[in-house]
Amino acid sequence: MTKIGMVGLGRMGSGICRNLIKQRYSVTAYDIDRELLKPFASYANIAENGRELLDGSDVIFLSLPGSVQVEETVREWIAHGVKGKIIIDLSTSYPLSSKQLHEEVRAAGGRFADASLMGTPAHAEQGTLMVTFGGDKETFEDTRGIMSCFASRGVQYMGGPGSGNIAKLANNYLAIMYVALYSEIFPLAEKLGFDTRQLFETIGHSGVNCAMYQSNGPKIVDQIYEPSFSLDLALKDITYVKKLFEEYSMPSFVLDGGLNLLRLGQLKGYGDHDLSEMARVVREYPGMEEKN
């Protein structure tokens with residue numbers, strides 16, 4: 001049976017790893033944070049380092065913060081030897097970086113694909129993620145069954161290298177900018193004396209209503225910013241999208257406003273807080289007090 005390697009056991013990777021184990025795959029796990037490995041000690045092989053995991057695996061999944069960490073890991077493996085290995089990056093990475101890694105791994109005798117995840121840590125735990133896959137069709141067909149263990153909503157082939165990342169970034173760009181809009185308008189309505197809870201309910205019956213509105217609007221209206229997706233990660237994703245606009249000499253008028261708001265939030269120390277705390281940044285400008 002195919003031997004699986006799982007690198008990165010954070011909020012997404014841990015759920016993915018558990019679902020692979022449930023399907024009785026032989027899994028070797030590794031994370032630089034040894035504490036994250038402890039829950040898997042009785043169910044998976046625990047690697048001492050990334051090279052040991054590579055040597056003992058046929059298909060390796062990466063769930064890392066971004067392209068910097070992915071590039072460092074994959075290039076170390078290329079130097080060690082990746083012939084016959086399949087490396088699949090589940091992270092939200094920069095598409096042009098993924099395209100370059102695809103070429104480098106292929107030249108070294110292995111295969112590389114970008115397979116970004118759509119969903120939350122809860123979806124990862126439940127095995128109900130969706131995957132947007134970028135790479136060659138053969139690798140997609142060879143690994144789709146494995147990925148279905150944690151992606152019951154579908155493993156979608158998006159095209160060549162980098163395509164999976166592009167699909168995920170397009171999705172995240174729209175989602176993040178929705179939250180930026182809510183973060184601006186509800187503090188303004190409050191400043192104007194509106195009952196923002198009533199306003200939220202009224203707008204919820206209009207064409208503006210959507211899942212993002214229902215999940216993030218209440219956080220902003222009630223000023224209870226329950227963690228779901230961090231501001232730091234949102235800033236990373238929007239920065240990748242900005243780089244793509246610049247790479248292809250296209251204007252990004254709307255993006256720039258959201259990017260500045262995210263940067264301000266990070267500067268104010270909200271980076272590890274929920275994305276919806278962009279509203280806190282907006283409310284601070286006119287000296288509005290947050291609810292306790």
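**View 1. The crossing of helix 7 and helix 8 is right-handed, meaning that the near helix is turned clockwise from the far one by less than a right angle (anticlockwise would be left-handed).** The model is predicted, so local features need pLDDT of at least 70 and side-chain atom pairs count only at pLDDT 80 or more, while totals for chains, interfaces and linings use all residues. Residues are numbered from 1 along each chain as its sequence is written, and side-chain values use heavy atoms, with hydrogens and water left out. The axes of helix 7 (residues 163–191) and helix 8 (residues 196–203), which are lines fitted to C-alpha atoms over the stretch in contact, come within 10 Å and cross at roughly 130° on a scale from 0 to 180 degrees between N-to-C directions. That makes helix 7 oblique to helix 8, a word for angles that are not under 35 degrees, over 145, or 65 to 115. Phe186, Ala189 and Glu190 of helix 7 are in contact (heavy atoms within 4.5 Å) with Thr196, Leu199 and Phe200 of helix 8.

**View 2. Helix 6 (residues 137–147) has buried residues, those under 20% relative accessible area with a 1.4 Å probe and protein chains only.** These are Thr139, Phe140, Thr143, Ile146 and Met147. They lie on the same side of helix 6, because they cover an arc of only 120° around the axis, taken from the directions from the helix axis to the C-beta atoms.

**View 3. The structure holds 0 disulfides, a disulfide being a pair of cysteine sulfur atoms within 2.5 Å.** The sulfur of Cys17 is 12 Å from the closest cysteine sulfur, in Cys149, which is too far for a bond. Cys17 is buried, with a relative accessible area of 0%, and Cys149 is buried, with 14%.

Definitions and conventions:
Buried < 20%, exposed > 50% of the residue type's maximum accessible area, 1.4 Å probe, protein only. Helix = DSSP H or I, 4+ residues; strand = E, 2+ residues; numbered from the N terminus.
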